Amino acid sequence: MNISNYIDYTLLEPTASERDIIELCDEAKQTGFYAICINSCYVALAKQILDNTEVKICTAIGYPFGAMATASKVYEAKKAIEDGADEIEMVINLGLLKSRNYVSVLKDISDVKLAIGKTPLKVVIEISELSKNEIIKACEICLDAKVDFIKTSSGFSKSGATLTAVKIIKKTVRDQVKIKASGGINDYETVIKYIESGADRVGTTVNIQNVNKAQFNRNIKIYKKYIENLQNKEAQKSNSVNENSENKQFRDF
């Protein structure tokens, strides 16, 4: 299975340098990942590198806590689009959600969605901070706000994605909203599990294709060595049979 079109190749570390972003973009071009996900200060740089390619630029706003004023999120989202962002990723206001101030949570998301128009919006609900009922409620609010994706985790909380959470989200939103699983997903097999559980996109900080290729190359070497050992054993067995035959002929003579 070609997983390239499911991958958001991500670098949101606060220490990420311009060189790191350039390398991220180059790898995304080479592997054909669907998108990169970066902080908004690097969107213009990424746009220069990825111009005339199919790799999308997703940028994170309101990261990592989502607790700033809605107006700040709106401004950051608009500026990111001006700089060349193709997708916007925002963090839900967890404090308001925990306060059960659902109207304010909805307004926070809806204002950003309204400001960016047709640009896809992903909302991070931070599953590690929520109960099952809170996950369901967050999903319902996202449905009302007409977001495009619900994302499991920011990568800056207690833990990342879980298959259970993805299944809960999928059961709640069905096919009305897409799902992005993110956080702690670092190998090919795990990506496949999340896709099979309902994820439409997977965020990872690891170049899965390169890891998978390296593993494939190691397996090839192991297999070749196995074949060589088999051939050597067969040759030794054949030589032993020939020697015994020659010795028997000599005794008979």
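## Exercises on a barrel and its helices

In strand β2, alanine 35 is the bridge partner of aspartate 8. The exercises below start from that pair and work outward through this predicted model.

### Exercise 1. Place aspartate 8

Task: which strand holds aspartate 8, and is aspartate 8 buried or exposed?

Solution.
- Step 1. Aspartate 8 lies in strand β1.
- Step 2. Take its relative accessible area, which is 0%. The cut-off for buried is under 20%. Aspartate 8 is therefore buried.
- Step 3. List its contacts beyond four places in sequence. They include Tyr34, Ala35, Lys122 and Lys180. Arg201, Val202, Gly203 and Thr204 are also among them.
- Step 4. Check a C-alpha separation. Lysine 56 is 48 residues from aspartate 8 along the chain, and their C-alpha atoms are 8.8 Å apart.

### Exercise 2. Build the barrel

Task: how many strands form the closed barrel, and in what order do they run?

Solution.
- Step 1. Start with β1 (residues 7-11) and β2. They run parallel and are joined by 4 bridges.
- Step 2. Look at the cover on β2 (residues 35-39). Of its 5 residues, 4 are buried, so the strand is mostly covered.
- Step 3. Move on to β6 (residues 149-151) and β7 (residues 178-182). These run parallel too, with 3 bridges between them. Lysine 151 has lysine 180 of β7 as its bridge partner.
- Step 4. Recall the chemistry. Strands of a sheet pair through backbone hydrogen bonds, in parallel or antiparallel fashion.
- Step 5. Close the ring. The barrel has 8 strands in the order β1-β2-β3-β4-β5-β6-β7-β8, with parallel pairing. From one strand to the next, the twist averages 25 degrees.

### Exercise 3. Classify two helix packings

Task: α5 packs with α3 and with α6. Which orientation class fits α3 with α5, and which fits α5 with α6?

Solution.
- Step 1. Read the geometry of α3 (residues 70-83) and α5 (residues 102-116). The angle is about 25 degrees and the axes are 9 Å apart.
- Step 2. Apply the cut-off. Angles under 35 degrees count as roughly parallel. Therefore α3 and α5 are roughly parallel. Their crossing is right-handed.
- Step 3. Name the contact residues. Thr70, Lys73, Val74, Ala77, Lys78 and Ile81 of α3 meet Lys107, Asp108, Asp111, Val112, Ala115 and Ile116 of α5. By class, this gives 6 nonpolar, 1 polar and 5 charged residues.
- Step 4. Turn to α5 and α6 (residues 132-144). Their angle is about 50 degrees, with axes 9 Å apart. That makes α5 oblique to α6. α5 passes α6 in a right-handed crossing.
- Step 5. Name this contact as well. Tyr102, Val105, Leu106 and Ile109 come from α5, and Lys137, Ile141, Cys142 and Asp144 from α6. The contact of α5 with α6 has 6 nonpolar, no polar and 2 charged residues.

### Exercise 4. Audit the loop backbone

Task: what is the peptide bond from tyrosine 63 to proline 64, and what is phi at arginine 100 and at glutamate 126?

Solution.
- Step 1. The bond from tyrosine 63 to proline 64 is cis, with omega near -5 degrees. Proline 64 sits in the loop between β3 (56-61) and α3.
- Step 2. Arginine 100 is not a glycine, yet its phi is positive, near 60 degrees. Its loop runs between α4 (94-98) and α5. Arginine 100 is exposed, because its relative accessibility is 67%.
- Step 3. Glutamate 126 also has a positive phi, about 55 degrees, without being a glycine. Its loop lies between β5 (121-124) and α6. Glutamate 126 is buried, because its relative accessibility is 3%.

Terms used:
Residues numbered from 1 in each chain as written. Predicted model: local features only at pLDDT ≥ 70, side-chain atom pairs only at ≥ 80, totals over all residues. Heavy atoms only, no water. Axes fitted to C-alpha atoms, helices over the stretch in contact; angles between N-to-C directions. Parallel < 35°, antiparallel > 145°, perpendicular 65-115°, else oblique. Left-handed = near helix turned anticlockwise from the far one by under 90°. Contact = heavy atoms within 4.5 Å. Nonpolar A, V, L, I, M, F, W, Y, C, P; charged D, E, K, R; others polar. Buried < 20%, exposed > 50% of the residue type's maximum accessible area, 1.4 Å probe, protein only. Pairing = 2+ DSSP bridges.
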